[in-house]
Amino acid sequence: MMLRNAVGRRAVATAATAVCLALSLAACSGTTKDSAGESGAKATGSAKADPDAPLKKGLKLAFLPKQINNPYEKILDEAGIAAAKEYGGTGKEVGPSDANASSQVSYINTLIQQRQDAILIAANDPNAVCGPLKQAMKKDIKVVAYDSDTAKDCRQLFINQAGSEQIGRSLVQHLAEQIGHKGKIAILSATQNATNQNTWIEYMKEELKLPAYKDMELVKVAYGDDADQKSFQQTQGLLQAYPDLKGIISPTTVGIAAAARYLGDSSYKGKVVLNGLGTPNQMRAYVKNGTVEQFSLWNPEELGYLASYAAAALASGQITGAEGETFTAGELGEYTVGKDGEVILGEPTVFDAKNIDRFDF
């Protein structure tokens, strides 16, 4: 599969520094589908990697996104499914239509019954999915978290978009430059339990404590639950509650698009700065009509592609999830497993009017 307009590609990915909270996760692995009885964390110690092992043919991978109708996650999963065909495997996407904390549990149980070789999950909640994921690992079904991590002993690998600290701090830095480091700001997030969102927000708050932001005030973190209409309404509510708001950071592709739609048709257009994470195709019209000056993201196709190859390497015994192990992710090249089983795709790209038409995803 040829990936369109590669963003932030790296030949070798390294672990992010100072990654904390729910992303400080321990690697884990299993033994055999029928005999493994230990937790994933214990199994890693007994498993041995064979970096020369070929990728197994006929691997069955299942992608479990936060919600099945999320356009961003659809891009991820379709790229991962296409990657599976490259190495002779098959992939499918299953998942809930909502992003509630426990909505993914029944799907994991079904995938265990289907004897998938690997489950790839973007977790809605770091802990709610742990019980069934541990059961999957006991049966030697490999578990790879991508985009949004699980708790530490519930997977073997976490495929991260970029360093979490870098994402959180850079969003504050970009917005601060746009508003002259002065004024009230708000954050429009996804769900209250989303691991990636909460980690980025903690780094945003840490960045805001620095002297450079002494004239900026974070007045509220609102939650749109990765639902378009609710995110739209939350944006409206923020501006009604804080009519002097200077900026909004929305680190979710659903949220930033909904916020841009509201701002673009309101008297706040050009007065309230919106920044965050979005896809070029979602945000193109808002950049061109002046609602949004800039936003960031990595290439979601590459993230799904990398996750697929990482799962295949894990299921084939090339890696176990231990720090320092390496594997080749197709045309993306070689990657290194970092601390706590984390593999980082690369650095995000900032999109604006000058470069947005070069990207198509």
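A salt bridge is a side-chain nitrogen of Lys or Arg within 4 Å of a carboxyl oxygen of Asp or Glu. In this structure, Arg 284 and Asp 357 are one such pair, with N and O 3.2 Å apart. What you're looking at is a predicted model, where local features need pLDDT of at least 70, side-chain atom pairs count only at pLDDT 80 or more, and totals for chains, interfaces and linings use all residues. Residues are numbered from 1 along each chain as its sequence is written, and side-chain values use heavy atoms, with hydrogens and water left out.

**The chain as a whole**

- The chain has 10 helices and 14 strands; these are DSSP runs numbered from the N terminus, with helices being H or I runs of at least four residues and strands E runs of at least two.
- Of the 361 residues in the chain, 57% are buried, and buried here means under 20% relative accessible area, with exposed meaning over 50% and partly exposed in between (1.4 Å probe, protein chains only).
- Take the contacts (heavy atoms within 4.5 Å) between residues at least 6 apart in sequence: 74% of them join residues at least 24 apart.

**The nonpolar cores**

- A nonpolar core is a set of buried Ala, Val, Leu, Ile, Met, Phe, Trp, Tyr and Cys residues joined through side-chain atoms within 4.5 Å.
- The largest one here holds 81 residues, and the members touching the most others are Leu 120, Leu 157, Ile 159, Trp 298, Leu 306 and Phe 327.
- Helix 10 (residues 300-315) gives the most to this core, chipping in 11 residues.
- Who does Leu 120 touch, leaving aside its neighbours within four places in sequence? Its contacts include Leu 61, Phe 63, Val 144, Tyr 146 and Ala 311.
- Apart from this core lies another, made of 18 residues, among them Val 94, Leu 111, Cys 130 and Cys 154.
- As general background, nonpolar side chains in soluble globular proteins tend to be buried together.

**A closer look at helix 10**

- Helix 10 has 16 residues and spans 23 Å from its first C-alpha to its last, close to the 22 Å expected at 1.5 Å a residue (the expected span is 1.5 Å times one less than the number of residues).
- Helix 10 is mostly covered, and 16 of its 16 residues are buried.
- At the N-terminal end, Asn 299 acts as a cap: one of its side-chain oxygens lies 3.0 Å from the backbone nitrogen of Glu 301.
- After helix 10 comes Gly 317, with a positive phi near 85°.

**Salt bridges**

- The structure holds 13 salt bridges.
- One of them joins the side chains of Lys 74 and Glu 93, at 2.6 Å from N to O.
- That pair links distant parts of the chain, since Lys 74 is in helix 2 (residues 71-86) and Glu 93 is in strand 2 (residues 90-93), 19 residues apart.
- Lys 74 is partly exposed at 29% relative accessible area, whereas Glu 93 counts as buried at 19%.
- Back to the pair from the opening, Arg 284 and Asp 357: Arg 284 is in helix 9 (residues 280-288) and Asp 357 is in the segment after strand 14 (349-352), so the bridge ties together parts 73 residues apart in sequence.
- Asp 357 also forms a salt bridge with Lys 288, their closest N and O atoms being 2.8 Å apart.
- Are these two basic partners buried or exposed? Arg 284 counts as buried at 19% relative accessibility, and Lys 288 is exposed at 55%.

**The disulfide**

- A search of the whole structure turns up 1 disulfide, meaning a pair of cysteine sulfur atoms within 2.5 Å.
- The partners are Cys 130 and Cys 154, with their sulfur atoms 1.9 Å apart.
- Cys 130 sits in helix 4 (residues 130-138) and Cys 154 in the loop between strand 4 (142-146) and strand 5 (157-160), so the pair ties together parts 24 residues apart in sequence.
- The torsion about the S-S bond of Cys 130 and Cys 154 is about 105°, so this disulfide is right-handed.
- Cys 130 is buried at 9% relative accessible area, and Cys 154 counts as buried at 0%.

**Asp 117**

- Asp 117 is found in the loop between helix 3 (105-113) and strand 3 (118-121), and counts as buried at 17% relative accessibility.
- The side chain of Asp 117 reaches the backbone nitrogen of Lys 60 at 2.8 Å.
- Asp 117 and Lys 142 are 25 residues apart in sequence, yet 6.3 Å apart in space, C-alpha to C-alpha.

Terms used
A polar contact is a pair of N or O atoms within 3.5 Å; within protein, one must be able to donate a hydrogen and the other to accept it, and residues adjacent in sequence count only if both atoms are side-chain atoms.
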